[in-house]
Amino acid sequence: MIWLAWRQHRKQALFTGIGLVVLAALMLPTGLAMHSAYTGKGLGACLKQMADPSTAQAKVDGCHYAMDQFTNRYSSMMFIGILLLLLPLLIGLFWGSPLVAREVEHGTHRLVWTQGISRTRWAAVKFGAVGGLAVVVGLAYGLGMSWWLQPLTSVGEQSRFQQFLFDMSGIAPVGYTLFAVALGIFVGTLWRRVLPAMAVTLAAFVVVRLLLTALARPRYLPAKTLTYPLEGPGRLSQTSPEDWILARGIRDVAGKLIAPGAEIRCPVGAAGPDGGGCGTPLGIGKGAYNWLSYQPASRYWLFQGIETGIFVALAAGLLLLAFRQVRRIA
């Protein structure tokens, strides 16, 4: 049965392998160039110096200049990675959807089931083979992209929580890929024709991903809150550039949000043209303060684990439903 599964899906495995080789040929040179530039400019040491309040301003300015040079040169490469976000979905469409639907559409499933192989064994071998390959591809893709993106995220060009970066790095792509494959298999047991199964898989995958990203992800863990005065150094010494900022604004002395999305930073003792205090020209009275709701950068891998777990659980549930449906196929 394993030999039969390999014979049936070897072309898909071959094309996927070629795709990964092409991906590596594209990402490896650019990734090595970014890592080399990051090291050569001493950006790692710069980040430590900038986090130290005792560092001289001239040195901080020099670090900012080096980081700007780096990001201006390499930030456009981020779009290359964004194009790869579709990889888990494509695997679900071309591996998962035809797995059962094509067999039933062509009637080849009857040949196997009349050769002494139970439906459960047939489904277990095929689901296991495709699921195992999906895990390997998802891991290679996610961890490879994490390495590639590391210089850009380290200099604060983008937070790792940024939607596209979170979705294409770490271990989350494993969950997305397994879910896409399981969804395609389950839909194929319902529609039993390849093209309708692929269309439904595409729509369902996009809907689930959007809903979880927009509604569930920000709530995986309670957000932290930071308040700091309008006058002074601001929040830079208390937060990281890689934190996920959920909301910000200015609250009055009673705690009411009076300026959503705004942030004010004035030097200590600053006065406006009318002689009032910081923020007075904007109608902000005494006692107001900056407010920030955020997820710390240190929670990145915890969020990755939670999201991966959700999609793996969904994939497991869909595969169980697919087993039940296989037993009902005539």
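How many of the 20 residues of helix 5 are buried? In this predicted model, the count is 14, and helix 5 is accordingly described as mostly covered. Helix 5 comprises residues 87–106, and, at 1.5 Å a residue, its 20 residues should span 28 Å, a value with which the 27 Å between its end C-alpha atoms agrees. The helix nevertheless bends by about 50° at Pro 98, and it is followed by Gly 107, a residue whose phi is positive, near 80°.

Helix 5 also takes part in the largest nonpolar core, to which two or more residues each are given by helix 5, helix 6 (108–113), helix 7 (119–154), helix 9 (172–191), helix 10 (194–216) and helix 11 (300–328). The core contains 46 residues, and those that touch the most other members are Val 100, Trp 122, Phe 127, Ile 185 and Phe 205. With 12 residues, helix 9 gives the most to this core.

Several stretches of the chain carry an annotation in the UniProt record, where an unreviewed entry assigns "transmembrane region" to residues 12–34, 77–101, 122–144, 164–187, 194–216 and 301–323. Two of these stretches may be described from the coordinates of the model. Residues 164–187 are 88% helix and 0% strand, with end C-alpha atoms 27 Å apart, while residues 194–216 are 100% helix and 0% strand, with end C-alpha atoms that lie 31 Å apart.

The model also contains an open sheet of four strands, arranged in the order 1-4-2-3 with antiparallel pairing. Strand 1 (224–229) and strand 3 (257–260) form the edges of this sheet, each pairing on one side only, and from one strand to the next the twist averages 30°. In general, the strands of a sheet pair through backbone hydrogen bonds, in either a parallel or an antiparallel manner. Between strand 1 and strand 4, the latter comprising residues 289–295, the antiparallel pairing extends over six bridges; among the residues involved, Pro 229 has Tyr 289 of strand 4 as its bridge partner.

A further contact between parts of the chain that are separated in sequence concerns Gly 44, which lies in helix 2 (residues 43–51). Gly 44 and Val 155 are 111 residues apart in sequence, yet their C-alpha atoms are 8.4 Å apart in space. Because its relative accessibility is 28%, Gly 44 counts as partly exposed, this class lying between buried, under 20%, and exposed, over 50%.

Methods:
Residues are numbered from 1 along each chain as its sequence is written. This is a predicted model: local features need pLDDT of at least 70, side-chain atom pairs count only at pLDDT 80 or more; totals for chains, interfaces and linings use all residues. Side-chain values use heavy atoms; hydrogens and water are left out. The expected span of a helix is 1.5 Å times one less than its number of residues. The bend at a residue is the angle between axes fitted to the seven residues ending there and the seven starting there. Buried means under 20% relative accessible area, exposed over 50%, partly exposed in between (1.4 Å probe, protein chains only). Two strands pair if DSSP finds at least two bridges between them. Axes are lines fitted to C-alpha atoms, for helices over the stretch in contact, and angles run from 0 to 180 degrees between N-to-C directions. UniProt positions are given in the numbering used here, feature names are shortened, and annotations may be inferred rather than shown by experiment. A nonpolar core is a set of buried Ala, Val, Leu, Ile, Met, Phe, Trp, Tyr and Cys residues joined through side-chain atoms within 4.5 Å.
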